[in-house]
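Grab a pencil and open the viewer: here are some exercises to try. Have a go at each task before you read its solution.

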Amino acid sequence: MLYREAGQFKTNYVADRAIFPLREDRIGLGLIVLVAYSLAFLGNDFLLQAVLIPFLVFSLAAIGLNILTGYTGLLSLGTGAFMGVGAYACYKLMTAFPEVNVIVWIFVSGFFSAGIGALFGLPSLRIKGFYLAVATLAAQFFLQWCFIRIPWLVNYNVSGALEAPLRTLFGIPIVGATATPQTRYLVVLTIVIVLTWLASNLVHGRIGRMWIAIRDMDLAAELMGIRPLQTKLLAFAVSSYYCGVAGALLVFLWYGGAEYDVFNINQSFFILFMVIIGGLGSLIGSFFGAALIFIMPIVLGIVLPAIFEPLGIPIAAETIEHLRFMIVGALIIFFLIVEPHGLARLWQIGKQKLLVWPFPY
Amino acid sequence: MDILYKIFIEPFVFMGEAPDLLIQTLWEGLVSGILYALIALGFVLIFKASGVFNFAQGIMVVFSALILVGLYEQGVPALLALLLTGGAMLILALTVERVVLRPLVNQPDIILFMATFGLTYFLIGFGELIFGGSPKEMITSELYLPQGTTEVEMLGGFVRFQHLDIAATVIASIMIGLLAVFFSKTRIGRALRAVADSHKAALSVGISLNQIWVIVWFAAGIVALVAGIMWGARAGVSFSLQIIALKALPVLILGGFTSIPGAIIGGLIIGIGEKLGEFYWGPLVGGGIETWLAYVIALLFLLYRPQGLFGEKIIERI
Amino acid sequence: MSFRKLSLGLAVATLVGGATLPAFAQDSVYVPLFTYRTGPFAGSGIPIADGMHDYLQMLNERDGGIGGVKLVLEECETGYDTKKGVECYEAVKGKNPVIVNPWSTGITLPLIPRASVDKIPILSMAYGLSASARGDIFPWVFNPPATYWDGLSMIVKYIGEKEGGLEKLKGKKIGFLHLDAAFGKEPVPLLQELAKQYGFEVALYPVAAQDMQNQSSQWLSVRRDRPDYMIMWGWGAMNGAAVKEAVRSGYPMDKFYSVWWPGEDDARAGGAGAKGFKMLNWHAVGTDYPALKDIQKHVVDKGLSKAPKDKVGELLYNRGVYNSLLIAEGIAQAQTVTGKKVVTGEDVRRGMENIKLDPARLKELGLEGFTDPMALTCTDHNSHSPAFMQEWDGSKWVKISEPIKPMTEQVRAQLDAAAKDYADKNPGWPKRSERCDNQS
């Protein structure tokens with residue numbers, strides 16, 4: 001409807017391998033990024049602090065899990081714990097070396113998470129499917145236990161919690177209480193864009209194709225010369241890296257202080273929902289999933305009273321919560337029935353339809 | 001050396017010194033093992049017949065117990081309430097089959113797994129909407145479940161047996177026995193096994209998959225009800241009970257997803273293993289290792305047998 | 001779902017989101033109540049939520065608010081979940097709340113640094129960060145009437161008195177059954193400190209949050225170690241399950257003590273065997289106070305409360321009432337101090353520092369004898385009030401002791417160390433610049 005793809009010819013391999021081969025896609029993406037940045041100045045505090053920042057953080061974690069579950073086909077229920085490793089590592093690093101900029105430590109903390117992730121990924125060579133999922137639960141519960149039990153991780157804080165000390169970038173506070181939602185949002189947005197761009201390069205390249213080959217059939221992939229152990233461990237490491245960075249962002253740029261409980265098993269499930277609802281093996285799906293699973297309950301919390309109260313039915317806070325649970329549950333089932341391949345597929349279908357509109361085919 | 005002594009010698013010395021405590025620990029492990037097995041059994045039933053990894057089993061335990069107690073609080077006699085709860089589980093099974101399973105037939109495992117998450121969320125919201133969030137007391141005496149304790153003197157000490165635990169063990173064993181007979185001797189049981197072997201082959205000989213699914217979900221609902229009564233009597237009926245269902249997962253991978261005896265033996269190994277581990281070795285690291293010990297035990301077993309102790313051998317072909 | 005419906009929904013959402021923001025009339029005070037009537041901790045959360053709401057609602061119905069200004073009450077459901085709690089905070093922040101009460105340590109922690117930036121005081125009543133009792137370092141956070149360290153020292157003191165003096169504790173063993181989280185572990189250093197001082201032994205029994213209802217191993221260990229006394233630091237379903245397990249394993253209940261969080265339902269869970277179970281408390285149970293009678297008359301009987309009639313006056317309900325009493329006093333004092341009717345968060349912060357609940361004031365409020373007198377100052381945001389011991393007699397709580405004073409010296413040492421630690425680890429923590437009306 002809006003544009004035609006026809007007429008754009010590639011004359012060399014590099015252009016053909018581009019992530020966004022279409023000019024219109026590049027323009028569209030540029031627009032999205034522009035809107036995202038301008039939201040920092042247009043949105044109010046609630047929108048930034050309670051909606052957009054967590055949405056971006058969860059999208060990043062969902063991308064991480066998607067690399068593992070969607071691209072490599074390894075189901076993991078330890079996402080929450082891997083996020084926790086990133087957050088605790090970041091805390092240790094930024095308090096031990098306060099002179100180094102916190103942005104550096106956020107990126108570095110992911111490597112600790114990657115290491116731990118690869119360690120717990122070792123059984124994946126032998127164990128598959130749901131068996132592996134339950135094995136990753138061992139990581140979840142063991143790491144969570146470590147977070148509580150090793151006071152060294154929180155610098156022997158009496159409260160046993162992670163606290164966000166003041167850290168600045170170019171003299172502007174970005175971590176700590178005095179950092180405004182605008183600056184936090186801009187930092188998170190930039191980090192998420194950079195890492196998403198990296199991820200899309202990874203999954204479209206040789207490594208991504210290796211992962212996909214392993215997912216589709218690991219035996220066949222092995223016969224083709226892909227080493228399953230290395231590939232799977234790499235997937236675990238990269239996935240945990242993303243989760244770790246997301247965890248560090250979660251604590252230091254969103255909450256600004258947290259207990260170990262933030263990284264519990266529910267967090268792992270929460271991210272898994274996003275990945276599956278968004279679409280396995282799709283980066284844009286991770287964003288869709290995070291939007292649906294995280295933002296929808298917030299919207300429901302605003303919409304439900306607005307629907308019921310004009311009708312003269314007062315609706316209590318807890319009833320909203322109950323209805324939220326029911327509606328989210330029902331919608332998960334509904335979306336799975338409508339499109340088991342997730343919102344990303346719906347998006348694709350929508351694009352196809354629009355492309356040929358107004359003709360049906 | 002000291003640490004090695006503490007790990008390898010001291011616990012065993014202590015076991016020998018206080019054999020009554022060892023027996024008590026084993027008994028507690030046995031009871032919790034049976035109760036874990038009861039939850040795991042619900043998973044196995046559904047996985048065997050439909051290949052669905054039913055995450056909602058945990059909330060079904062809570063939900064059934066809540067219906068039972070809720071009905072009783074409305075003045076329904078206890079035994080009638082029990083029957084009605086059974087009916088409610090049947091309705092749930094029918095609804096799940098119609099609304100969730102049938103439209104999702106032939107989808108990948110992970111999608112069905114996800115759908116049961118949706119079901120879990122729905123049931124949490126629905127249950128809280130109807131019954132409220134406050135914990136309730138299980139109607140133990142009204143269901144003629146015994147209460148009280150027997151203290152048996154033995155081995156220079158004493159061992160306490162809760163009557164409720166004994167009853168739980170007996171009821172769970174009967175339940176398992178009945179299921180075993182049901183699976184091996186009845187027509188429906190044979191149909192179930194056929195479905196477990198191959199959906200297509202079962203369909204071709206005229207077995208209705210939809211009917212079978214309703215039956216297994218109903219059976220899983222009944223198992224959940226029994227588990228709900230037992231856990232409820234031990235710890236009170238509240239939504240936090242569903243977390244215990246996570247304990248059934250290591251039992252499952254240890255025993256294999258498709259094996260009923262596996263669930264029982266897995267449950268016992270996990271139950272006894274974690275109690276012994278926590279009691280004798282837990283203090284070395286400050287206790288509380290129970291939360292992950294079960295998973296680690298299961299993981300170690302898995303490294304030797306990736307399909308679980310009793311699971312079907314996974315044969316891969318290209 | 002068609003895309004049209006979806007976009008319609010979104011449009012409605014934006015409209016509504018835009019419409020609720022300029023919200024409230026100028027002659028009212030907005031008091032958000034963070035509650036959790038859902039989730040694993042709902043059992044404790046529901047009566048507290050009812051008590052908090054009903055007391056403030058009663059003020060609205062009986063007196064038309066505080067000082068003639070109506071209170072706008074709004075509950076926000078947190079489910080005891082940090083994520084939702086922070087979302088609640090962001091949602092209410094734009095509506096000029098005069099105070100927030102997070103009702104969860106996990107939610108309190110992220111809010112503490114924000115309080116001074118957003119100018120919204122935090123009331124974390126006897127939970128949260130204990131160090132925030134220091135008003136000179138945390139001017140925006142209030143945690144009266146006692147910290148967990150106070151509570152622990154009171155229990156140890158009480159046990160010591162029963163033994164015939166603290167020095168008699170020498171050689172005894174005290175078991176500490178706690179939730180394996182920051183909340184449950186906070187008293188441990190003080191307990192160990194006291195153990196060293198008085199020569200008793202400590203055995204720790206952590207209970208993980210996911211094993212709250214599955215405590216048989218902990219109680220097996222209790223049987224092995226045979227502690228002379230047990231102290232419990234639990235929350236939600238953990239308390240009830242612990243009482244049950246204690247009865248099951250035959251632990252002598254009269255030697256089983258708890259901090260102030262179990263309710264009637266938790267003790268009832270143990271059946272007849274729970275008789276003798278003791279806990280610390282700082283306010284009365286029951287409805288024999290004019291203010292509570294007014295709640296029944298103006299709120300409950302009019303059907304404005306969600307609480308079942310027989311639950312009014314139960315322990316955790318009255319805990320909620322106490323919480324609201326502090327909020328109301330904070331607002332009332334703010335009105336006195338500033339002379340304004342419609343107060344803001346900054347005013348209420350000053351008001352909180354002027355809270356003085358002496359017997360005369362309590363009588364005026366219709367709560368004579370409901371709780372011990374307490375007062376807050378600029379430096380002391382906690383008051384470290386004494387609490388008393390109460391015992392479960394099988395059907396209700398019975399007060400069995402006079403108020404016990406905390407061991408001020410030891411608690412003070414912990415407190416100062418913790419506050420210093422917090423300020424040291426957060427370089428750039430602002431020095432107190434807020435005005436002080438009540439120098440102590």
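**Exercise 1. Find how far apart the C-alpha centres of domain 1 and domain 2 of chain C lie, and describe the side of domain 1 that touches domain 2.**

Solution.
- Step 1: Keep in mind that you're looking at a predicted model. In it, the C-alpha centres of the two domains of chain C are 28 Å apart.
- Step 2: Mark the domains. Domain 1 of chain C covers 24–146 + 285–375, and domain 2 covers 148–281 + 387–406.
- Step 3: Look at the contact. Here 15 residues of domain 1 of chain C meet 19 residues of domain 2 of chain C.
- Step 4: Ask which elements build the domain 1 side. In chain C, α2 (42–63) and α12 (315–338) each bring at least two residues to it. The top contributor is α2(C), with three residues.
- Step 5: Sort that side of domain 1 of chain C by class: you get nine nonpolar, four polar and two charged residues.

**Exercise 2. Work out how many residues chain A and chain C each put into their contact, and what the chain A side is made of.**

Solution.
- Step 1: Count both sides: 37 residues come from chain A and 40 residues from chain C.
- Step 2: Pick out the elements of chain A that give two or more residues to this side: α3 (45–71), β4 (257–258), α12 (283–308) and α13 (317–338).
- Step 3: Sort by class. The side of chain A that touches chain C has 20 nonpolar, eleven polar and six charged residues.

**Exercise 3. Decide whether α2(B) and α10(B) are roughly parallel or roughly perpendicular, then say which residues make their contact.**

Solution.
- Step 1: To describe two packed helices, you need the angle and the distance between their axes.
- Step 2: In chain B, the axes of α2 (residues 19–50) and α10 (residues 248–255) come within 9 Å and cross at roughly 70°.
- Step 3: Angles of 65 to 115 degrees count as roughly perpendicular, so that's what α2(B) and α10(B) are. The crossing is right-handed.
- Step 4: Name the residues. α2(B) uses B:Y36, B:A37, B:I39, B:A40 and B:F43, while α10(B) uses B:A248, B:V251, B:L252 and B:G255. By class, that's eight nonpolar, one polar and no charged residues.

**Exercise 4. Is α10(B) mostly covered or mostly uncovered, and what do its buried residues pack against?**

Solution.
- Step 1: Check burial: eight of the eight residues of α10(B) are buried, so to speak a mostly covered helix.
- Step 2: Find the neighbours. The buried residues of α10(B) pack against α6 (129–149) of chain A, and also against α2, α11 (260–281) and α12 (290–304) of chain B.
- Step 3: Step just past α10(B), and you reach B:G256, which has a positive phi of about 95°.

Notes
Residues numbered from 1 in each chain as written. Chains lettered and ligands numbered in written order. Predicted model: local features only at pLDDT ≥ 70, side-chain atom pairs only at ≥ 80, totals over all residues. Domains from an automatic or database assignment. Contact = placed C-beta atoms within 7 Å. Helix = DSSP H or I, 4+ residues; strand = E, 2+ residues; numbered from the N terminus. Nonpolar A, V, L, I, M, F, W, Y, C, P; charged D, E, K, R; others polar. Axes fitted to C-alpha atoms, helices over the stretch in contact; angles between N-to-C directions. Parallel < 35°, antiparallel > 145°, perpendicular 65-115°, else oblique. Left-handed = near helix turned anticlockwise from the far one by under 90°. Buried ≥ 20, exposed ≤ 12 C-beta atoms within 10 Å, placed from the backbone.
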